[in-house]
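Biologist: I am new to this structure and would like a close look at the empty space enclosed inside it. Please take me through what surrounds that space, and then show me how those surroundings connect to other parts.

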Amino acid sequence: MSDSIKPAGAKPESIKKVCVIGAGVMGAGIAAQVANAGIPVLLLDIVARDGDDRDAVAKGAVAKMLKTQPAPFMSKSAAKLVETGNIDDHLARVAECDWIVEAIVERLDIKQSLYAKLEALKRPGTAVSSNTSTIPLGHLVEGRSDQFKADFLITHFFNPPRYMRLIEIVRGAHTDAAVAERVEDFVDRFMGKRIVRAKDTPGFIANRIGTYWLAVAINAAIDQGLTIEEADQIGGRPMGVPKTGIFGLIDLVGVDLMPLLAKSLSSTLPEGDPYFETVRPLPLVDKMIAEGFTGRKGKGGFYRLDRGADGSKTKLSLDLATGEYRPETKPERLASAAEKNLAALVAAPGKTGAYAWEILGKVLSYAAMLVGEAADDVVAIDDAMKLGYNWKFGPFELIDQLGPGTLAARLAAEGREVPAILATAGERPFYRIESGKRQFLGLDGSYRDVVRSAGVVLLEDIKRGAEPLIRNGSAALWDVGDGVVALEFTAKMNALDEQVIQLIQKAIPLVKAQYKALVVYNEGSNFSAGANLGLAMFAVNIAAWGEVDKLIAGGQAAYKALKYAPFPVVAAPAGMALGGGCEILLHADAIQAHAESYIGLVEAGVGLVPGWGGHGEMIDRFVKSPLMPKGPMPAVAKAFELISTAQVSKSAAEAKEMGFLRPADGITMNRDRLLADAKAKALSLIDGYAAPEKPTFRLPGESGRVGIAGVVRDFRKKGIATAYDEVVAERLAQVLTGGEADLVDTVTEDQLLKLERQAFMASVKDSRTQARVEHMLETGKPLRN
């Protein structure tokens, strides 16, 4: 395993090798995520029915994943850690493994037959877990020895395993706590999952509530005569549901999955469960599945795209009343209050309030009913729905928005049962802040602290009990303990502007005087989408060129000040780190990146060039890379390729391969552990710290530009590059090759920054760049002019 992804605090007896049995979508995806963590994995499936290769099923699964998008592997090199085989010939090799994951067909008899074989082959104390989402743990281990029962648990991953952070873990009555803790530590630190401990009940937590929610929403839309666009508008963003909305989400996960989940839950839920009230014939759904309209993976679903013979595209929606497709329509916008306030949404007149209440009244009371039955507390249920179904708010956070007393009163007024925990809450919220700590309401009516996993440090927790050291409209500086401060971006999409630059310049003397190190970190969905293009375009539209130049010069100076600060600076990205967001990473002493970091210098896509030191930092990285051929041209050519094509890494591992991360930079698999890991890295750099020496460059000058121009011309002739791409490429090449410098000249960092600023200003003044930026701001898509 690479040291760069070795999780801090991992137990010494941690799992060294894993076996996954079942190479279907889930099993193969679980194996890929183990490999992403740098851990060897043995993937087994049945013997292939056709051909001479008995391992073809498992091998085919790996080959398929290498072509799948979104990619299960964070790097193609991770696939080399997956060894394939078949159950008949290679099952004895489970003795080599420290954890065996069963992910085969959901049939109790087949699973039990496999467990009988495993019991005779595995080492005592080796964990065995099932990825089942339907079969009770007690049934799975019937007939097995006490040792096997002690080694057994359920680890319910969500699809796709790489991207879904939730894992529901169920321990049995006989499960050895030490075995379970070893698996839990591994899936947390190595596989990047947040663990929700569920009870051994049908559907566990997320799928039980999620399936009920979707069934209620579909039935209500049909009964109340709503269009799917209206249903997704009301039941989507105002409730904190992903932008897909309800019917869009069903298309995403698969229309054909709904009947399967319904059948599974109907066969296992106790009699009288409210879920049975949602079960009804849905001939429309049956027809869709029969005709191949199974969602995005099929010919379309409730929504589909119709491609005309002339290449035109028309968005179509399914009419729930007629079962026929029609052009997609945009519903009348909801009242402002209903969009932003849940109580106003359910109180809205007409179909808006009626549909919202039908969903929320039933789903929230159902979730409340499951506290104590499916989960020990409200935190587990909220985490399961936020991580498993991508809800912005969990059910009890939504109840707090409505008011627990208000919800209970309306349920009682309608003659519906009020769940015990809702009655216990009365008018009190399920969550409160007490002495800077978040607390939740328990079944006994008392509040308890929300406890994080050992070693987890979150900025959101720190902020509840502290004031920022410095703050403005776009950034803040926080004391995160042990002499380390965190620089947080706070604007929309964490975009970078003059206020961020100003705060950086204020932070440096403060940290120098009173602290030991600085971490650039935030807990937004994305680290930073780059410079605020909207503000930049405002300045462009009034021809305030001096202000634009001031912004570029200020950013260069701020990033340079961070680079040469007399204390360690560690950047900790997660999500997108683009443009200026990438450049701040490049200026840090070290990077500790979340595994799902998407990093790139994307300015060329909107007709610009990097303006805050990106050119020089990339050249410096490639010059120092032991993998790069020596001489002035290879590093320049590689930097040009990366920047001119606006390449973005699809993971932190890929960012390391591309050169955005250096070999010694670290990767954190679990997003919740990123701040702690970055802080630990910063502290490790303090003793004997010295700022880096300023680089000097020997660049190829005009001969390099001629070579680059030839390549770009060829791309244009082939239709790969546009006429304006060629102009942007010329500006990039002017910077990267050192301007008027020659092979014998030494180019300083400041000279390269000056060339960079000149190229940026030339680009931003060009109407073709302005057209690209405006198009991107309006549509979110690049303009190919």
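Modeller: A cavity here is a set of grid points where a 1.4 Å probe fits but cannot get out, and a residue belongs to the lining if it has an atom within 4 Å of one of those points. The model is predicted, and with that in mind we can go through its enclosed spaces. The structure holds 4 cavities of 30 Å³ or more, and the largest cavity takes up about 90 Å³. Its lining is made of 13 residues, and those that lie nearest the centre are G613, G616, E617, E749 and L753. Two elements, α25 (614-624) and α31 (749-764), each give two or more residues to this lining, with α31 giving the most, namely 4 residues. Sorted by class, the lining of the largest cavity has 5 nonpolar, 4 polar and 4 charged residues.

One of the residues nearest the centre, E749, also leads away from the cavity, since its side chain meets that of K563 in a salt bridge with 2.8 Å from N to O. E749 lies in helix α31 whereas K563 lies in helix α23 (residues 545-563), so this pair ties together parts that are 186 residues apart in sequence. Both E749 and K563 are buried. A second salt bridge joins K560 to D750, and here the closest N and O atoms are 2.4 Å apart. K560 again belongs to helix α23 and D750 to helix α31, so this pair ties together parts that are 190 residues apart in sequence. D750 counts as partly exposed because its relative accessible area is 43%, which lies between the limits of 20% for buried and 50% for exposed. Helix α31 therefore takes part in salt bridges with helix α23 through both E749 and D750, besides giving 4 residues to the lining of the largest cavity.

The second largest cavity offers a useful contrast, with a volume of about 50 Å³. Its lining consists of W213, M239, V241, I359, L360, V363, L364, W391 and L398, which divide into 9 nonpolar residues, no polar ones and no charged ones. Helix α15 (residues 350-369) gives the most to this lining, with 4 residues. The lining of the largest cavity, for its part, includes 4 charged residues.

To set the two bridges beside E749 and D750 in a wider frame, the structure holds 55 salt bridges. Another of them is formed by R54 and D89, whose closest N and O atoms are 2.7 Å apart. R54 sits in the loop between β2 (41-45) and α2 (56-65), while D89 sits in helix α3 (residues 87-90), so the pair ties together parts that are 35 residues apart in sequence. R54 is partly exposed because its relative accessible area is 39%, and D89 is partly exposed because its relative accessible area is 39%. The pairing of E749 and K563, by contrast, is made of residues that are both buried.

Terms used. Residues are numbered from 1 along each chain as its sequence is written. This is a predicted model: local features need pLDDT of at least 70, side-chain atom pairs count only at pLDDT 80 or more; totals for chains, interfaces and linings use all residues. Side-chain values use heavy atoms; hydrogens and water are left out. On a 1 Å grid over the protein atoms alone, a cavity is a set of points where a 1.4 Å probe fits but cannot get out, and a pocket is an open set with protein on both sides within 12 Å along at least five of seven lines; lining residues have an atom within 4 Å of a point. Grid points are joined across faces, edges and corners, and a volume is the space filled by probe spheres set on the points. Ala, Val, Leu, Ile, Met, Phe, Trp, Tyr, Cys and Pro count as nonpolar, Asp, Glu, Lys and Arg as charged, and the others, Gly among them, as polar. A salt bridge is a side-chain nitrogen of Lys or Arg within 4 Å of a carboxyl oxygen of Asp or Glu. Buried means under 20% relative accessible area, exposed over 50%, partly exposed in between (1.4 Å probe, protein chains only).
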